[in-house]
Amino acid sequence: MAEVPMPQLTPLDAQFLHFETTTNVANIAGLAILEGDLNRSDLQALLEQRLPHVPAMRRKLAPVPFGLDHPYWVQEDDLDLDYHVREIGLPPPGDDRQLAEQISRLHARRLDRNRPLWEIDLIHGLSGGRMGLYTKIHHAAVDGVGGADVLAALLDLAPVPAPREGAPERDEPPPDQLEMLGRALIRLGSNPAQAVRFAARALPHLDEIPVVSWVPGTRLVSGLARRLAGSGQAPELPSLPAPRTPFSGPVSAHRRFAFVSLPLDEIKRVRKAFEVTVNDVVMAVCAGALRRWLAAHGGVPGQPLVAGIPFSLREAGSGGGNQVTFMTAPLAVQVADPVERLQQVRQAMQRIKERFSLAPARWLREFSESMPAALMGLASRSAFGLVGQTAPPINVAISNVPGPQFPLYVCGARLLTHYPVSVITDVSGGVNITAFSYDGSLDIGVITDREMVPDAWELTGYLRSSLDELLLIAE
């Protein structure tokens, strides 16, 4: 078994640890609905075989003394699968709302940082001979793409599990406490220079950074910096002060979850009729659903919402951890006509894609790298609290992740649907809508703050209605 260098959390990975509080919880998860019988012992046996090939699930945190540097990952040789793999039974009738309520409670619970940062719950008692499989992992360990890779470790192309090829790798032992301190002091000395480099690199991209982009003169400075750097003419991004909504501001410790599946062929029918992309249709469906919800809860604002949209920076063979950034885009909820709303969404997405293709927005990663590790925890929590209470830069987080278009299996049980369960924070707002396409279906998970949006099922119903509205016009 080959040894690989002991990994240390990147500054961006560490950010997901440090901003976490009793209300801002950095769990990302998925709810798989399975057809067939699956028991805990078979699932644990499968994990025994697969875990050597999944580094994120066999590592735990090794803190640096006095918090002077970002933690390291250390391999856990005695993984307690009885702790990490659990069973739950739903009482009759075992319907979708009971299942979603259970997921709401599970997702709000923080993971134990003294153990590898993941848990799996096998959920029995669903109606129709189905089972639920809820897989939760901390955002410090993986981003959305990495989380899908973790799930893929459990999945097979056929009912009979196949052995994984290739020799597993083993982490080298972590440095001792003295060496950790020495590395921390070296890094501490380099932070001022990193901060200067970040400031210089950030100038051409100030209009991409939430809150900063609202400062008068920012767009002028960014444009001038791009011209001086010879970057060429980049598409202008709109000024996006986020309007206040019932789901803006600091979130509570409680969550609501709901889910819905939309036929992918219906999404594609709309895409073809209006000559847009699948992602444009997904964004427009979300805009229509949010418009309907806002109309029923205090009124639709007279300006677009601001949607936070993650973009992957991951390249082939680039390893684990977080390799993601965020862009913001206007979401035209103020537009009553669904076709005009779709066209405005298409234009907004086209602008940020063109801008991203010219120069990927790495400001989030570079900003994290410029901050001293010893101050990051306090700074992150303070910034989240201040921004969330005064000027939340985002109204809603929306993500659309493409998945495989063929059936998959877990220990012989067929995967029917897979609903993402994502993150809400003080900064991003009390609603997150994440879609995952699988085997002809667009599976959408909606996570909300219980105090802001008490009935997440209302939103999933509006997602269905919003797509129906576009389908009717397309036909």
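Begin by selecting strand β2, residues 27-35, together with strand β14, residues 413-421: in this predicted model the two run antiparallel and are joined by seven bridges. Two facing positions help to fix the register, since they can be picked out one by one: Ile33 stands opposite Thr417 in β14, and the bridge partner of Glu35 in that same strand is Arg414. Keep β2 selected and add β7, residues 130-138, which pairs with β2 in the antiparallel sense over nine bridges; here Ala29 is the residue to highlight, with Lys136 of β7 standing opposite. With both partners displayed, turn to how much of β2 is covered: eight of its nine residues are buried, so the strand is largely enclosed by the rest of the structure.

**Widening the view to the sheet**

Next, colour the strands in the order β5-β6-β7-β2-β14-β13, which is the order of an open sheet of six strands with mixed pairing. At the edges stand β5 and β13, and because each has a single partner strand, one side of each is left without a neighbour in the sheet.

**A stop at Met131**

Within β7, select Met131 and show its side chain. Is this residue buried or exposed? Its relative accessibility is 4%, so Met131 counts as buried. Leaving aside residues up to four places away in sequence, Met131 touches a set of residues that includes Ala32, Ile33 and Leu34, and also Leu122, Ile123 and His124. The contact with Ala32 can be followed with a distance label: the two residues are 99 apart along the chain, while their C-alpha atoms are separated by 8.2 Å.

**The helix across the sheet**

Now bring in helix α2, residues 40-50, which lies across β5, β6, β7 and β13 and runs at about 155° to β5. Which of its residues are buried? They are Leu43, Gln44, Leu46, Leu47 and Arg50, and they cover an arc of only 160° around the axis, which puts them on the same side of α2. The general geometry helps in reading this pattern: an α-helix has 3.6 residues a turn, so residues three or four places apart point the same way. To see what lies against this buried side, display α3 (81-84), β5 (85-89), β6 (118-124), β7 (130-138) and β13 (409-410), against which the buried residues of α2 pack.

**Aromatic pairs**

A search of the whole structure finds five aromatic pairs. One of them is formed by Phe247 and Trp293, a tilted pair with 5.6 Å centre to centre and 55° between the planes. This pair links distant parts of the chain, as Phe247 is in the loop between α7 (218-228) and β9 (255-263), whereas Trp293 is in helix α9 (residues 278-296), 46 residues apart. Phe247 is buried, with a relative accessible area of 0%, and Trp293 also counts as buried, at 2% relative accessibility.

Then move to Phe259 and Tyr419, whose rings have their centres 4.5 Å apart and their planes at 35°, so that this pair is tilted. Phe259 lies in strand β9 and Tyr419 in strand β14, so the pair ties together parts that are 160 residues apart in sequence; both residues are buried. Adding Phe257 and Trp457 to the selection completes a cluster, in which ring pairs link Phe257, Phe259, Tyr419 and Trp457.

**Backbone details in the loops**

Three places in the loops deserve a look at the backbone. Select Pro92 and Pro93, which are joined by a cis peptide bond with omega of about 10°; Pro93 has its place in the loop between β5 and α4 (96-108). Go on to Glu275, in the loop between α8 (264-274) and α9, where phi is positive, about 55°, although the residue is not a glycine. Glu275 counts as exposed, at 72% relative accessibility. Finally, select Cys411 in the loop between β13 and β14, another residue other than glycine with a positive phi, in this case near 50°.

**The whole chain**

To finish, clear the selections and display the entire chain, which has 13 helices and 16 strands. Of its 475 residues, 53% count as buried, and the accessible surface comes to about 19,800 Å², with 57% belonging to carbon and sulfur atoms. Among contacts between residues at least 6 apart in sequence, 79% join residues at least 24 apart.

Terms used. Residues are numbered from 1 along each chain as its sequence is written. This is a predicted model: local features need pLDDT of at least 70, side-chain atom pairs count only at pLDDT 80 or more; totals for chains, interfaces and linings use all residues. Side-chain values use heavy atoms; hydrogens and water are left out. Buried means under 20% relative accessible area, exposed over 50%, partly exposed in between (1.4 Å probe, protein chains only). Helices (H or I, at least four residues) and strands (E, at least two) are DSSP runs, numbered from the N terminus. The arc is that of the directions from the helix axis to the C-beta atoms. Contact means heavy atoms within 4.5 Å. Two strands pair if DSSP finds at least two bridges between them. Axes are lines fitted to C-alpha atoms, for helices over the stretch in contact, and angles run from 0 to 180 degrees between N-to-C directions. Accessible areas come from the Shrake-Rupley method with a 1.4 Å probe; for residues, only the protein chains shown count as cover. Rings of Phe, Tyr and Trp (its six-membered ring) pair if their centres lie within 6.5 Å; planes under 30 degrees apart count as stacked, over 60 as edge-to-face and the rest as tilted.
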